[in-house]
Amino acid sequence: MKKTLIASAVAAASMASVAQAAEMMPEFYGNIQLAYIHTSEETGSTETTTNDFADNGSTLGFKHSHEISPGLTGFLKAELEFDADENHGDGINKVDEAFIGVKGDFGSVQVGTDDTVYEWWDVIDISEAVGISGEFEGVYEGDNLQYVSPTIAGGLTVGVTLALDSTERHTGAIGAKYKTDMFEVILGYSLGREETIDHDDNDATAKVAVDTGDSIGLGANIFLGDLTLGVQYETKSADSVSGTDDPSTEADGYGFIAIYSLGASQLAAGYYAAENDADPSAEEDKFYLQALHNVSDNMYAYVEYTNGSEEAGASETDIEEFAIGATYYF
């Protein structure tokens, strides 16, 4: 064999080794999010004002995938939070997402810490630092097993989440969304969980059986060129305490959002309200405004404002929030 052919073979082998090494390396990403937040709360003649320059959820993460066999891919993702506004502290102090799984023509299956599919329907939650959102307490990301189907029937995706940890406030969730170029409709259902709360380790009568209520959420988006209109509704059934329903834990909430894209900028306005059928005096409502500008491919800045109130019996608290912040990501 000629030396040139030997050299070519060696070069080809080296390039193959480099390519294999590159495939084995995970993708590293992250962001720093900082915001100045002003909050004013007024209850009767008492007013409390706070001003805070704070981290707004800065994260570092990595993800990786590889082919296990033709048509089957393994993957992982880990995202960790840290406080960017402190010159001391706990460093990386919280796991935001961490899961492994496999995917293929059948969809994807994963296990670990991640959002549930119930959150799909919450279309008004676009805020950076202050804003509006649905999802009543009891449904949140945690240790779970999750399946998400591929897109079927021209735009339908379904998903199932099962809680793996007995300390979770829910048993699992089901989600379905159908999307076209003109609109999107999303349905979520979260199953409550039976648990026993022990108020006194030394008193057997202090043990209380609680069955948290189920939640149903419905969201929809309409796409009108640069304008997106979103609307949603959520209802939660009462928790059952020792076999008796607690009407104070029933709730209904609804909201809408309008988002207008203007080149590198985005303008948004929304409203959210929630109430308790058993106690009309327990309700809340909030207006929301946002202006966001993409400074570059790796940085954006925003201004957000909310104004609303919370009622509880004869007491009413007016709450006003203002935030200005920026995020740099890679």
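Is Lys286 buried, exposed or partly exposed, and what is its relative accessible area? In the predicted model examined here, Lys286 has a relative accessible area of 24% and is therefore partly exposed, since the buried class ends under 20% and the exposed class begins over 50%. Lys286 forms a salt bridge with Glu321, in which the closest N and O atoms are 3.7 Å apart. This pair links distant parts of the chain, with Lys286 placed in strand β19 and Glu321 in strand β21 (residues 315-329), 35 residues apart. Glu321, for its part, counts as buried because its relative accessibility is 15%.

Strand β19, which spans residues 279-296, also contains Glu283. With a relative accessibility of 31%, Glu283 counts as partly exposed. When residues up to four places away in sequence are left aside, Glu283 touches Ala274, Glu275, Ser309, Glu310 and Glu311. Of these contacts, Ser309 lies 26 residues from Glu283 along the chain, and the C-alpha atoms of the two residues are separated by 8.4 Å.

Across the whole structure, the search finds three salt bridges. One of them joins the side chains of Lys77 and Glu97, with an N to O distance of 3.0 Å. Lys77 belongs to strand β4 (residues 72-82) and Glu97 to strand β5 (residues 92-104), so that this pair ties together parts lying 20 residues apart in sequence. Lys77 is partly exposed at 23% relative accessibility, whereas Glu97, at 12%, counts as buried. A further salt bridge brings together the side chains of Lys236 and Asp239, at 2.7 Å from N to O, and here both Lys236 and Asp239 are buried.

Aromatic side chains were considered next, and the structure holds eight aromatic pairs. The ring centres of Tyr118 and Trp121 are 5.7 Å apart and their planes meet at 70°, so this pair is edge-to-face. Tyr118 is buried, with a relative accessible area of 0%, and Trp121 likewise counts as buried, at 1% relative accessibility. In the pair formed by Tyr300 and Tyr302, the ring centres are 6.4 Å apart and the planes stand at 40°, so the arrangement is tilted. Tyr300 is buried with a relative accessible area of 14%, and Tyr302 is buried with one of 2%. In addition, Phe256, Tyr271 and Phe287 form one aromatic cluster.

Lysine side chains are also placed over aromatic faces. Lys103 lies over the face of Phe75, at 5.6 Å from the ring centre, while Lys177 lies over the face of Trp120, at 4.3 Å from the ring centre.

Notes
Residues are numbered from 1 along each chain as its sequence is written. This is a predicted model: local features need pLDDT of at least 70, side-chain atom pairs count only at pLDDT 80 or more; totals for chains, interfaces and linings use all residues. Side-chain values use heavy atoms; hydrogens and water are left out. Helices (H or I, at least four residues) and strands (E, at least two) are DSSP runs, numbered from the N terminus. Buried means under 20% relative accessible area, exposed over 50%, partly exposed in between (1.4 Å probe, protein chains only). Contact means heavy atoms within 4.5 Å. A salt bridge is a side-chain nitrogen of Lys or Arg within 4 Å of a carboxyl oxygen of Asp or Glu. Rings of Phe, Tyr and Trp (its six-membered ring) pair if their centres lie within 6.5 Å; planes under 30 degrees apart count as stacked, over 60 as edge-to-face and the rest as tilted. A charge sits over a ring if NZ of Lys or CZ of Arg is within 6 Å of the ring centre and within 35 degrees of the ring normal.
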